Amino acid sequence: MSTPQNVAVNGSRLWQSLMDMAQIGATPKGGVCRLALTDLDKQGRDLFVRWCEEAGCTISVDKMGNIFARRPGRDDSLPPVIMGSHLDSQPTGGKYDGVYGVLAGLEVVRSLNDMNYVTEAPVEVAVWTNEEGSRFAPAMVSSGVFAGVFDLDYGLSRADLDGKTMGEELARIGYAGDQEVGGRKVGAYFEAHIEQGPILEVEGKTIGVVTDCQGQRWYEITFTGQEAHAGPTPMVRRKDALLGAARVVDAVNRIGMKYGPLACATVGLMQIHPNSRNVIPGRVFFTVDFRHPDDGILKAMDGELRAEVERIAGEIGLETEFQQIWYYAPIKFDESCVAAVRKGVERTGHSFRDIVSGAGHDACYLSKVAPTAMVFIPCIDGISHNEVEETTPEWSTAGCEVLLHAVLDRANAMAEQVKAPA
């Protein structure tokens with residue numbers, strides 16, 4: 001089936017939807033705080049569902065709270081082409097991370113409605129629960145359950161720092177769905193996203209055709225020493241857990257620099273006990289985030305971290321709890337879906353470059369069960385996970401145009417694949 005003439009999206013409508021969604025959890029500096037499964041997350045979900053129902057979609061919710069808004073195709077027996085991302089944010093997040101991919105998908109649906117165009121296969125817009133991993137670790141847990149990486153009990157039992165589980169919070173906000181998680185055929189999956197880095201803007205490119213995504217390892221480490229009075233306790237007799245954690249922070253940075261420029265290494269969360277100004281810290285819990293597109297190098301970084309933690313703890317006399325809580329290998333996206341994105345770029349005439357994603361996305365797990373690709377647009381100064389995160393209406397529209405073409409390519413190809421002789 002040929003692509004319709006004069007294919008276009010309504011960029012102004014998309015931008016207004018982004019601004020309207022950004023009012024939910026808006027922060028003073030222009031960002032959002034919409035942590036997963038909070039009341040604010042519920043408000044964002046409710047607004048998305050209302051918009052989708054107004055666009056003629058049917059809504060289903062699975063047991064992990066993943067939302068699917070379905071626009072029927074000419075042959076509804078064909079597997080759907082899904083677009084999506086997430087609505088949850090970081091505590092001091094921006095108003096485009098994740099939500100752009102969700103609302104770009106909704107704009108594709110609205111634009112198809114404007115054109116009175118029926119795709120051969122159905123198309124869906126998905127919202128994946130707790131992509132960020134900020135409130136509940138690990139990240140991307142619900143798309144991971146969908147892809148069979150985690151089982152349902154594991155996903156529902158993830159707890160925040162207050163001990164509240166995802167299952168409990170899904171029930172509380174009314175998004176504990178009855179649909180099974182995954183186990184169905186997906187024709188293709190596309191995720192549009194801001195780059196979250198500086199490359200596209202620096203090079204003057206409007207679209208990033210994402211070919212790969214780097215691997216990640218997340219760790220949780222606890223050092224236990226001995227609490228003692230900050231005054232009478234001699235320096236040489238201290239078992240300072242925070243001193244050990246500080247030395248690991250430095251080691252993490254050195255490991256990242258050693259394997260640069262592609263390596264990333266971060267300590268992003270730390271809890272100090274008893275957290276009193278005149279008590280030597282007796283226990284410190286902290287996290288480490290390693291990323292690299294080469295799995296061999298990621299493994300080498302892992303080995304060096306373990307050796308440094310053991311050495312540092314031994315020098316100070318600390319007890320150690322060390323756990324790798326999350327790992328996925330680098331991802332190479334599906335060639336046919338990447339080609340569909342490139343065709344979309346060619347048809348729209350936007351400047352582009354191939355790019356490797358430095359961040360994790362739900363697309364990484366979807367790639368295990370469906371042909372998958374991503375579309376990046378620039379963000380100003382490459383800043384993300386920050387309230388000042390920003391893009392432009394023009395970039396937003398361009399990414400959505402490319403997404404529309406890619407979806408049409410795959411949704412209409414489904415019928416040809418079914419008709420093709422074995």
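1. Two strands pair if DSSP finds at least two bridges between them. Helices (H or I, at least four residues) and strands (E, at least two) are themselves DSSP runs, numbered from the N terminus. With these terms in place, the bridge partner of histidine 193 in strand β16 is phenylalanine 376.

2. The structure discussed here is a predicted model, in which local features need pLDDT of at least 70 and side-chain atom pairs count only at pLDDT 80 or more, while totals for chains, interfaces and linings use all residues. Residues are numbered from 1 along each chain as its sequence is written, and side-chain values use heavy atoms, with hydrogens and water left out.

3. Strand β16 spans residues 372-377 and has pairings with two other strands to be noted. Strand β5 (residues 188-194) pairs with β16 in the parallel sense, and six bridges connect them. Strand β6 (residues 207-213) runs antiparallel to β16, and three bridges join these two. Phenylalanine 376 appears in both contexts: histidine 193 is its bridge partner, and glycine 208 stands opposite it.

4. Is β16 covered or open to the surroundings? The strand is mostly covered, since six of its six residues are buried. Buried here means under 20% relative accessible area, exposed means over 50%, and partly exposed lies in between (1.4 Å probe, protein chains only). On one side of the strand, Thr372, Met374 and Phe376 are buried. On the other side, Ala373, Val375 and Ile377 are buried as well, and both faces of β16 are thus covered.

5. Two cis peptide bonds deserve the student's attention. One joins alanine 137 and proline 138, with omega about 5°; proline 138 has its place in the loop between β4 (123-127) and α4 (141-146). Another joins histidine 273 and proline 274, where omega is also about 5°. Proline 274 is found in the loop between β10 (270-273) and β11 (279-280).

6. Asparagine 130 is not a glycine, yet its phi is positive, near 55°. This residue lies in the loop between β4 and α4. Asparagine 130 counts as buried because its relative accessibility is 2%.

7. Histidine 385 also has a positive phi, of about 55°, although it is not a glycine. Its position is in the loop between β16 and α12 (393-419). With a relative accessible area of 39%, histidine 385 is partly exposed.
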